[in-house]
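Reader: I'm new to looking at protein models. Could you walk me through how to read one?

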Amino acid sequence: MLLASLSVLRQPLSFVATKWQTLIRVAGDPYRPELHYMRGPGPKWRAKYQASRLDRIR
């Protein structure tokens with residue numbers, strides 16, 4: 001009788017365990033895209049446009 005009740009519970013418990021594992025994996029994902037976005041002009045752009053900017057100021 002106990003064995004029968006355990007087998008009945010196996011599928012719902014397996015479903016809950018799978019969903020829980022998925023939630024933990026998604027919540028603990030270390031990927032943060034804002035760390036990878038370009039945040040403005042880099043040194044190559046500055047080297048190219050810095051001279052023209054200084055000429056306009058003078």
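Author: Let's go from the overall fold to a surface patch and then a ring pair. Keep in mind that this is a predicted model.

Reader: Okay, how many helices and strands does the protein chain have?

Author: Start by counting those elements. Here the protein chain has 2 helices and 0 strands.

Reader: And what share of its 58 residues counts as buried?

Author: A residue has to be under 20% relative accessible area to be called buried. In this chain, 0% of the 58 residues make that cut. The chain exposes about 6100 Å², and 65% of that comes from carbon and sulfur atoms.

Reader: Which residues make the nonpolar surface patch?

Author: For a patch, you look for exposed enough nonpolar side chains that sit within 5 Å of each other. Trp20, Leu23 and Ile24 form one of about 340 Å². Take Leu23: it belongs to helix 1, residues 2-27, and has a relative accessible area of 48%, so it's partly exposed.

Reader: Now the rings. How many aromatic pairs are there?

Author: Ring centres must lie within 6.5 Å to pair. That rule gives 1 aromatic pair. The partners are Trp45 and Tyr49, with ring centres 4.9 Å apart and planes at 35°, so we call the pair tilted.

Reader: Where do Trp45 and Tyr49 sit along the chain?

Author: Both are in helix 2, residues 43-57, and they're 4 residues apart, so about one helical turn separates them.

Reader: Are these two buried or partly exposed?

Author: Trp45 is partly exposed at 45% relative accessible area, and Tyr49 is partly exposed at 36%.

Key:
Residues are numbered from 1 along each chain as its sequence is written. This is a predicted model: local features need pLDDT of at least 70, side-chain atom pairs count only at pLDDT 80 or more; totals for chains, interfaces and linings use all residues. Side-chain values use heavy atoms; hydrogens and water are left out. Patches are made of residues with over 30% relative accessible area and no salt bridge: like charges are joined within 9 Å, nonpolar side chains (Val, Leu, Ile, Met, Phe, Trp, Tyr) within 5 Å. Accessible areas come from the Shrake-Rupley method with a 1.4 Å probe; for residues, only the protein chains shown count as cover. A salt bridge is a side-chain nitrogen of Lys or Arg within 4 Å of a carboxyl oxygen of Asp or Glu. Buried means under 20% relative accessible area, exposed over 50%, partly exposed in between (1.4 Å probe, protein chains only). Rings of Phe, Tyr and Trp (its six-membered ring) pair if their centres lie within 6.5 Å; planes under 30 degrees apart count as stacked, over 60 as edge-to-face and the rest as tilted.
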